[in-house]
Amino acid sequence: MEIASKYNPSATEDKWYKYWMDQKLFHSEPDKREPYTILMPPPNVTGVLHMGHMLNNTIQDILIRRARMMGKNACWVPGTDHASIATEAKVVNRLKERGIDKKELSREEFLKHAYDWTDEYGGIILKQLQKMGASADWDRTYFTMDDERSEGVIKSFVELYNKGLIYRGVRMVNWDPAALTALSDEEVIYKEKQGKLYYLRYKIEGSDEYVTIATTRPETILGDTAVCVHPDDERFKHLKGKNVIVPLVNRVIPIIQDSYVDMEFGTGCLKITPAHDVNDYEIGLKHNLKVIDIFNDNGTLSEAAELFIGEDRFDVRKNIIPVLEEAGNIVKIEDYNNKVGYSERTHVAIEPKLSAQWYLKMDEISKPALNNVMNDTVQFHPPKFKNVFRHWMENVKDWCVSRQLYWGHQIPVFYLEDNSYFVAETKEKALEQAKEQTGNANLTIDDLRQDDDVLDTWASSWLLPFTGFEKPEDLAYYYPTSDLVTGHDIIFFWVARMIIAGYEFKGDLPFKNVYFTGMVRDKQRRKMSKSLGNSPDPLDLIDKYGADSVRIGMLFCSPAGGDLLFDESQPEQGRNFANKIWNAFRLVKGWEIDNNIEQPESAKQAIAWFDAKLDQTIQILDDHFSKYRISDALMTVYTVFWQEFSSWYLEAIKPAYQQPLDAKTYEATCMFFDKMLRLLHPFMPFITEELWQALEERKGGESIMKVDMPTVTGADTALLEKFEMLKEAVGGVRTIRKEKNIPMKDALSLSILAGEEFATDFNAILTKLANLSELTMVDEKVEGAVSFMVRTSEYFVPMDGLIDVEAEIAKLEKDLAHQEGFLKGVMKKLGNERFVGSAPEAVVAKERQKKADAEAKIKTLTESIARLKK
């Protein structure tokens, strides 16, 4: 295969992805190997690839490709989520554009539009994931509304209901007036908002006296059913048993006492609106207060409000103030910052609202999940998220699982005309229950009406670790899955609930490890979003830099659980690395090979060293992956290829200009290149496949992803420390050349006064890389030479005729004066008994090391000056 002068990512990526797909290299079937399974967090069916997806799925692909090369039966299960609220909102908007109101459609008509939408836009993101190289088993792609998943969702609801864990209740919920549905607490995002605090006067019945309350929501006074004071508040003891009159509507309501009231907040008087505040609702239950719901589902005021009927709640907030002022009820208005809850999906302010909903009891069902995360049966990476998980699980509330939508899994509850109901997987089974329980054998299907609500989206995705597998033999083999890679922002929505479901339905954990990615942010630490215009399109980056470059670019600074501060310089750095790999390959493949020449000693030494270096690298990589340090693993192999392989190994074996390379060295170099490509493949699948295929002739169907990952061979790791000393020696000679302006082409002689650590293992490489005419070992210092130290050995380069002696002496004396001054400062610190006695031992040891280093340098400089003066 001819190697192009420049790497072309787009041609390479399209070619090899098609090859992988044609050869079905991503597909997995149960066999005798150890399974390794990842469940892809299903993106919204109507979603498109963003930077968070890019990071998350890159990490998953790295893990799955590595497991495949480690001999495991790797299965990455992809799919998409129906995303009830988000998708229904998009469909509703499209219908509006066509002049159609959702209210005018039956459920069946609306669902037809929803399915048309998902057919048109669904799955786009999966195609985009393929562009980044995702090696998922696409034959197993699911959709959370497909028949198999739907069947699992309905079965789970019935099973939980029959266990007494699901119940119907009228409770205060988070109501989304835009989506017209209840939300769970986790779907509400709280934002700091600047608003107003309104001080309003309520007249005490039968008196000229007033009490003043403070509220941020003056429109809700129309639903007030009490005013509450603290029983210990001396200011209001005389009001016990009295009533007040609600402004504007003139409703007489009681003054009640409850220790819930904060005497320091506002005026110490609290208005109670049980229908529109969670805490007020609890107080209302306790004191048997009337509940007046003044809001329609869409956030407008209902007839129960008596005033401003049909007007939007925020318009009423403005419009009620002049009316209250005219009535003499406004005392004062202050600026006030408070937290307001917003719908995560529609971004409108949520409204606390009493509503009949279906709930799942969470207290007992949550305990196995909590215990098994805290005891590390399920391991979190990084483990700091265990505390976040524990806090939520110990304070878990019952889960409101019903949503007032059409798009979703319709709740399997069937009602008779008298509102008695039956929970069953099908209408037919519900009819059997109805006949049996009522004793009425004449009931028909038409007598049953199914609940209009659908289940929360998460009530389907929490089952995916096991509903993701259709065949019983697949479930038995692949479950529990191995690793889950997800954002920590859905630790409650999804991760916790999947663990709960695993233990509840399967009696086992759903996955063994959870790797939490951070948020992708810009350099100013802002979350990337379309609205801010700070989020690049991953597909544009792939077109510009190549998929491999974007993949590793995102990982250059992406610690587990830590935010990724993304900048376009990162994929650019990735592209530079891809070009480095390409050019190194072209260099090796461009050498002329001669089978008849001897292998140089320098090449033998380089091969021995790099064999040991690769051994060490594999050990380090194995350790990083075992601890889910994916970025550290990348940086390890990146550094070894760029610095050790390209800068040291290839330089050490490179033949002289226009000279051939011996066959033995070429064979070893190709072996090393093969191993480096395999180590790099999980991170950079495309370029590694291209070069692996070009390394030697391959058969059809062969792929780098089917070969084994290199393993530790037991090479001599003691060589590595010796090679580090060689690097210092080569660096010392090169520094002398630079300082003395001696060209590299001019050969130097070098003498070495060996210390205890010195080894001759790499003298041939030293001779080549430093361009030495001779290398001699001496028993005493060489006069008239420039010297440098490497550990305990001293190296001498004679300067006869090469330098201006007087200028060199002046330079060395200047350096000597600097070192003597530095040593004086260190000695002063070490002479301070207070410092030595109170400073940490490590700090004192560091100062002592500075002293020893300075004394050694002063000794060397003094001797060098003396030699030059002779």
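1. Strand S18 (residues 413-415) joins S19 through three bridges, and the two run antiparallel. One register point is Val-413, whose bridge partner in S19 is Val-423. The sheet is open and holds three strands, ordered S19-S18-S20, with antiparallel pairing. Strand S19 (421-423) and strand S20 (449-450) are the edges. Each has a single partner strand, so one side of each lacks a neighbour in the sheet. Note that this is a predicted model, so everything here describes computed coordinates.

2. Strand S1 (residues 35-39) pairs with strand S2 (residues 73-77) in the parallel sense, through five bridges. Leu-39 has Val-77 as its bridge partner in S2. How enclosed is S1 by the rest of the structure? Largely, because four of its five residues are buried.

3. At the other end of the numbering, strand S30 (residues 785-790) pairs with strand S31 (residues 793-798). The sense is antiparallel, over six bridges. Ser-787 finds its bridge partner in S31 at Phe-796. The two strands form a hairpin with two residues between them. Arg-791 sits in that turn and has a positive phi of about 55°. S30 is largely enclosed by the rest of the structure, because five of its six residues are buried.

4. Now the packing. The largest nonpolar core has 126 residues, and Tyr-649, Phe-683 and Leu-766 touch the most other members. Helix H20 (residues 630-653) supplies the largest share of this core, 13 residues. A second, separate core has 59 residues. Its members include Trp-399, Trp-458, Ala-459 and Tyr-477.

5. What does Phe-683 touch, beyond residues up to four places away in sequence? The list includes Ile-630, Ala-633, Leu-634 and Val-637. It also includes Asp-548, Arg-551, Ile-552 and Leu-555. Ile-62 and Phe-625 are touched as well.

6. Thr-58 lies in helix H2 (residues 51-69). Is Thr-58 buried or exposed? Thr-58 counts as buried, because its relative accessibility is 1%. Neighbours within four places in sequence aside, Thr-58 contacts His-53, Met-132, Arg-551 and Leu-555. Arg-551 and Leu-555 are also among the residues touched by Phe-683.

7. Leu-239 belongs to the loop between strand S9 (226-229) and strand S10 (243-245). Despite the loop setting, Leu-239 is buried, with a relative accessible area of 1%. Its contacts, leaving aside neighbours within four places in sequence, are Ile-204, Glu-209, Val-211 and Ile-255. Trp-358 lies 119 residues from Leu-239 along the chain. The C-alpha atoms of these two residues are separated by 41 Å.

8. Backbone geometry deserves a check. Most residues other than glycine have a negative phi, and most peptide bonds are trans. Two cis bonds to proline follow. The bond from His-381 to Pro-382 is cis, with omega near 0°. Pro-382 is in the loop between strand S15 (379-381) and helix H10 (385-394). Tyr-479 and Pro-480 are also joined by a cis peptide bond, with omega about 0°. Pro-480 is in the loop between helix H14 (472-478) and strand S22 (481-487).

9. Which sign does phi take at Phe-308? Phi is positive there, near 55°, in a residue other than glycine. Phe-308 is in the loop between helix H7 (278-287) and helix H8 (313-326). This residue counts as buried because its relative accessibility is 17%, and the cut-off is under 20%. Arg-525 has a positive phi too, near 70°. The loop holding Arg-525 runs between strand S24 (520-521) and helix H16 (538-545).

10. Last, the surface. Which residues make the nonpolar patch of about 210 Å²? Val-48, Tyr-121 and Ile-124 make it. Ile-124 is in helix H5 (residues 124-131). With a relative accessible area of 33%, Ile-124 is partly exposed.

Notes
Residues are numbered from 1 along each chain as its sequence is written. This is a predicted model: local features need pLDDT of at least 70, side-chain atom pairs count only at pLDDT 80 or more; totals for chains, interfaces and linings use all residues. Side-chain values use heavy atoms; hydrogens and water are left out. A nonpolar core is a set of buried Ala, Val, Leu, Ile, Met, Phe, Trp, Tyr and Cys residues joined through side-chain atoms within 4.5 Å. Buried means under 20% relative accessible area, exposed over 50%, partly exposed in between (1.4 Å probe, protein chains only). Contact means heavy atoms within 4.5 Å. Patches are made of residues with over 30% relative accessible area and no salt bridge: like charges are joined within 9 Å, nonpolar side chains (Val, Leu, Ile, Met, Phe, Trp, Tyr) within 5 Å. Accessible areas come from the Shrake-Rupley method with a 1.4 Å probe; for residues, only the protein chains shown count as cover. A salt bridge is a side-chain nitrogen of Lys or Arg within 4 Å of a carboxyl oxygen of Asp or Glu. Two strands pair if DSSP finds at least two bridges between them.
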